[in-house]
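Me: I would like to go through this structure with you, one topic at a time. Could you take my questions as they come?

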Amino acid sequence: MLLGPLQDLINREGNESSATGASGRIPKGQMHAGEKILRKDLVRIGLLGCGGFGAVELREHKKTGNAFARKGLRKGYIVKTGTHAP
């Protein structure tokens, strides 16, 4: 499935990320250096790609609205095929 331009996805009304509301959001890009990004603070927008090792998803930070690509790897497949570092 083709999702469309990134900016259209971010601006789309009525998606999961807009449920947080504008009142609790930090201005876009206002994250502190070294601040940890927790998985629970990211809302899944869509799938960017899928390959032999795993999938890459487009996610949005609930508080800042910043977009991130999250890569998930299948550890079992990597170990089984011997493509991991020694």
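Me: Is Lys63 buried or exposed?
Reply: Lys63 is partly exposed, with a relative accessible area of 43%. Buried means under 20% relative accessible area, exposed means over 50%, and partly exposed lies in between, for a 1.4 Å probe and protein chains only. This is a predicted model, in which local features need pLDDT of at least 70 and side-chain atom pairs count only at pLDDT 80 or more, while totals for chains, interfaces and linings use all residues. Residues are numbered from 1 along each chain as its sequence is written, and side-chain values use heavy atoms, with hydrogens and water left out.

Me: Where is Lys63 placed?
Reply: Lys63 sits in the loop between E2 and E3. Helices (H or I, at least four residues) and strands (E, at least two) are DSSP runs, numbered from the N terminus.

Me: How far apart are Lys63 and Asp41 in space?
Reply: Their C-alpha atoms are 7.7 Å apart, and the two residues are 22 apart in sequence.

Me: And the turn itself, how many residues are between E2 and E3?
Reply: Five residues lie between the two strands of this hairpin, and Gly65 in the turn has a positive phi of about 80°. E2 and strand E3 (residues 67-73) run antiparallel and are joined by seven bridges; two strands pair if DSSP finds at least two bridges between them. Within this pairing, Arg59 has Phe68 in E3 as its bridge partner.

Me: What about the other side, in which sense do E1 and E2 pair?
Reply: Strand E1 (residues 42-50) pairs with E2 in the antiparallel sense, over seven bridges. A hairpin of three residues connects E1 to E2, and Gly49 has Val56 in E2 as its bridge partner.

Me: Why is E2 largely enclosed?
Reply: Six of the eight residues of strand E2 (residues 54-61) are buried, so the rest of the structure largely encloses this strand.

Me: Changing topic: which residues make the nonpolar surface patch?
Reply: Phe53, Leu73 and Tyr77 make a nonpolar patch of about 300 Å², and Leu73 belongs to strand E3. Patches take residues with over 30% relative accessible area and no salt bridge, joining nonpolar side chains (Val, Leu, Ile, Met, Phe, Trp, Tyr) within 5 Å and like charges within 9 Å. A salt bridge is a side-chain nitrogen of Lys or Arg within 4 Å of a carboxyl oxygen of Asp or Glu.

Me: Finally, in what order do the elements run?
Reply: From the N terminus on, the order is α-β-β-β-α, with two helices and three strands. Of the 86 residues in the protein chain, 22% are buried.

Definitions and conventions: Areas by Shrake-Rupley, 256 points an atom, 1.4 Å probe, with all protein chains shown as cover.
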